[in-house]
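Got your viewer open and ready? Let's take a walk through this structure, one selection at a time.

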Amino acid sequence: MKRRAQRDDGAARSEGVSPSMSRRRAMTCLAWAGGGILWTLEGGVPRGMSLGGVAASAAQTASGAVSGNTLSFVQISDSHIGFNKAPNPDPAATLQSAIERIRGAAQRPAFMLHTGDVSHLSRPEEFDIAQQIVNGAGLETYYVPGEHDVIGDDGRAFFARFSSVSSVSSVSRISRIAPDDRSTGWYSFDQQGVHFIALVNVLNLKPGGMGYLGDTQLAWLAADLKGRTHSTPLVVFAHMPLWSVYPAWGWGTDDGDRALALLRPFGSVTVLNGHIHQTLQKVEGNVRLQTAMSTAFPQPAPGDGPGPGPLKVEASQLGRTLGIRRVDFTSLDGAPSLGDATLAS
Amino acid sequence: MQSPHLRTRAVQPRVWPGRLVITVSSLLTLALPLPLPASAGEATPNTGAVHIENFTFAPATLTVKAGARVTWINRDDEPHTVTSASTPRAFASGALDTDAAFAFTFDKPGTYPYFCAVHPHMTGVIVVK
């Protein structure tokens, strides 16, 4: 069962778990994590750590893996509060479970990103429930909207509640806000030398299209990046993937290539998305694009079945399909390590 | 590439309502007085219905008479919208949850493209004659 948990952890695979890693050590990690493992690379050597628990904390301290310069944050996505059907009649409970894991982690993250679809139907009560649960983590949380958060009002209710200004306690850290209109929702900020950029690709969607950034936002992005040294590590977060994962299901961003062209000159670029409720990775040079699991329900692999609706998994399997991501900047070259953990225990 | 097992599971919950619809419409068809004349194929109806299932509007193109009332029903486990593609929008349903319906009366002849604002790859057209 625990070996199965390892297999289910797509990001652990993608991090390049060494076949030479001893089974005993792997099993120890799994025992700590109960299905959730943080994989880090130290000098090219993969190391597994639990997302929670005293043992992990001791191991981190002993190995010196976590120093004062480490920047750690957490990504959650697609909480879909308001969804009430199979395979998850209660996404509030699974979001709560995710938040408890984050709150209980031995190493406290600096902040949290929510990459959209906070709600299922853009209803105020759905935003209320999500906000209360997410705030339970006690972390600053940076949001971008998903298409489910902007139905019918172009996101006005979402931005009124989750805009970078109202959701962040230390506003001074936000270095730039879209100059002409804060309600557009994109912004950037700096943390310990890493530059974070929130993009919105769920507004002004075109019939027959996918996600969309638009000329105004792309111009803002170009201006935001101009003058930054290319050695500055970048973390970009948006709801829909910037690359075309599966256009037949609308899984991509029509003008995502224009954003990627602006990002490519930088030496370390990590693009974090939600939307497709599973972990998929694409690496282009120094740009790593990475989708995330939902905390609500899984979706099928691209093209598997008639459409991208909720995948009806057995109740006992649901936790294995949901998850959270932890990102740690520990290496000298600025490339982060990503650890995806499922909610299975 | 597609897994028959997964597909079966995903489709299963929708099979019974689908069969019911087929049964009801079959009965209606049977109840009708006999086969329509050949020219009936060219007649445009004064009501219309579009089924939303598996992230698709069916039929994708629907032709109706001016004054016809068209109803969309969402049979997916995901919310969809019926949103006019024109500017300004001729009609917009807002979020349609599972089994929710939206209706709009098309008074003027014309071509009315629309899409789902949540899943914009879903598109359809109402042609009003």
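The stops below go from whole chains to single residues.

**Stop 1: the two chains**

Before you click on anything, keep in mind that this is a predicted model. Start by selecting chain A. Its secondary structure comes to eleven helices and 14 strands, and of its 345 residues, 60% are buried. Take the contacts in chain A between residues at least 6 apart in sequence: 69% of them join residues at least 24 apart.

Now switch to chain B. Here you'll find one helix and eight strands, running α-β-β-β-β-β-β-β-β from the N terminus on. Buried residues account for 33% of the 129 residues in chain B. Among chain B contacts between residues at least 6 apart in sequence, 49% join residues at least 24 apart.

**Stop 2: a sheet in chain A**

Go back to chain A and colour strands S5, S4, S3, S13 and S14. In that order, these five strands form an open sheet with mixed pairing. Which strands stand at the edges? They are S5 (141-143) and S14 (337-342), and each has a single partner strand, so one side of each is left without a neighbour in the sheet. Turn the sheet and follow the twist, which averages 25 degrees from one strand to the next.

Next, zoom in on S3 (residues 71-76) and S13 (residues 323-329) of chain A. The two run antiparallel and are joined by five bridges. To see a pair from these strands, select A:Phe73 and its bridge partner in S13(A), A:Val327. Then add helix H5 (residues 91-103) of chain A, which packs on the sheet and touches S3, S4 (111-114), S13 and S14. The direction of H5 makes about 175 degrees with that of S3(A).

While you're here, click on A:Thr141 in edge strand S5 of chain A. Is A:Thr141 buried or exposed? With 3% relative accessibility, it counts as buried. The side chain of A:Thr141 reaches the backbone oxygen of A:Leu139 at 3.1 Å.

**Stop 3: a hairpin and a serine**

Select strand S7 (residues 187-191) of chain A together with strand S8 (residues 194-198) of chain A. Five bridges join them, and they run antiparallel. Two residues sit between the strands of this hairpin, and A:Gln192 takes a positive phi near 45 degrees. Four of the five residues of S7(A) are buried, so S7(A) is largely enclosed by the rest of the structure.

Now pick out A:Ser188, which lies in S7 of chain A. A:Ser188 is buried, with a relative accessible area of 0%. Its bridge partner in S8(A) is A:Ile197. What does the side chain of A:Ser188 make a polar contact with? Show the side chain of A:Asp224 and you'll see the contact, at 2.8 Å. For a distance to try in the viewer, choose the C-alpha atoms of A:Ser188 and A:Leu199: they are eleven residues apart along the chain and separated by 8.7 Å.

**Stop 4: two helices side by side**

Select helices H9 (residues 215-225) and H10 (residues 256-263) of chain A. They pack at an angle of about 5 degrees, with their axes 10 Å apart. That makes H9(A) roughly parallel to H10(A).

Turn on the side chains where they meet. From H9(A) come A:Asp215, A:Leu218, A:Leu221, A:Ala222 and A:Leu225, while H10(A) brings A:Arg258, A:Ala259, A:Leu262 and A:Leu263. Sorted by type, the residues of this contact are seven nonpolar, no polar and two charged.

**Stop 5: backbone oddities**

Finish with the backbone. In the loop between S3 and H5 of chain A, find A:His80. A:His80 has a positive phi of about 50 degrees although it is not a glycine, and it is buried at 1% relative accessible area. A:Pro87 is in the loop between S3 and H5 as well, and the peptide bond leading from A:Ala86 to A:Pro87 is cis, with omega near 5 degrees.

Move to the loop between S4 and helix H6 (124-135) of chain A and select A:Ser122. A:Ser122 has a positive phi too, near 60 degrees, and with a relative accessible area of 13% it is buried.

For the last click, hop over to chain B and select B:Pro88, in the loop between strand S5 (83-84) and strand S6 (101-106) of chain B. A cis peptide bond joins B:Thr87 and B:Pro88, with omega about -5 degrees.

Definitions and conventions. Residues numbered from 1 in each chain as written. Chains lettered and ligands numbered in written order. Predicted model: local features only at pLDDT ≥ 70, side-chain atom pairs only at ≥ 80, totals over all residues. Heavy atoms only, no water. Axes fitted to C-alpha atoms, helices over the stretch in contact; angles between N-to-C directions. Parallel < 35°, antiparallel > 145°, perpendicular 65-115°, else oblique. Contact = heavy atoms within 4.5 Å. Nonpolar A, V, L, I, M, F, W, Y, C, P; charged D, E, K, R; others polar. Pairing = 2+ DSSP bridges. Buried < 20%, exposed > 50% of the residue type's maximum accessible area, 1.4 Å probe, protein only. Polar contact = N/O pair within 3.5 Å; in protein donor to acceptor, adjacent residues only side chain to side chain.
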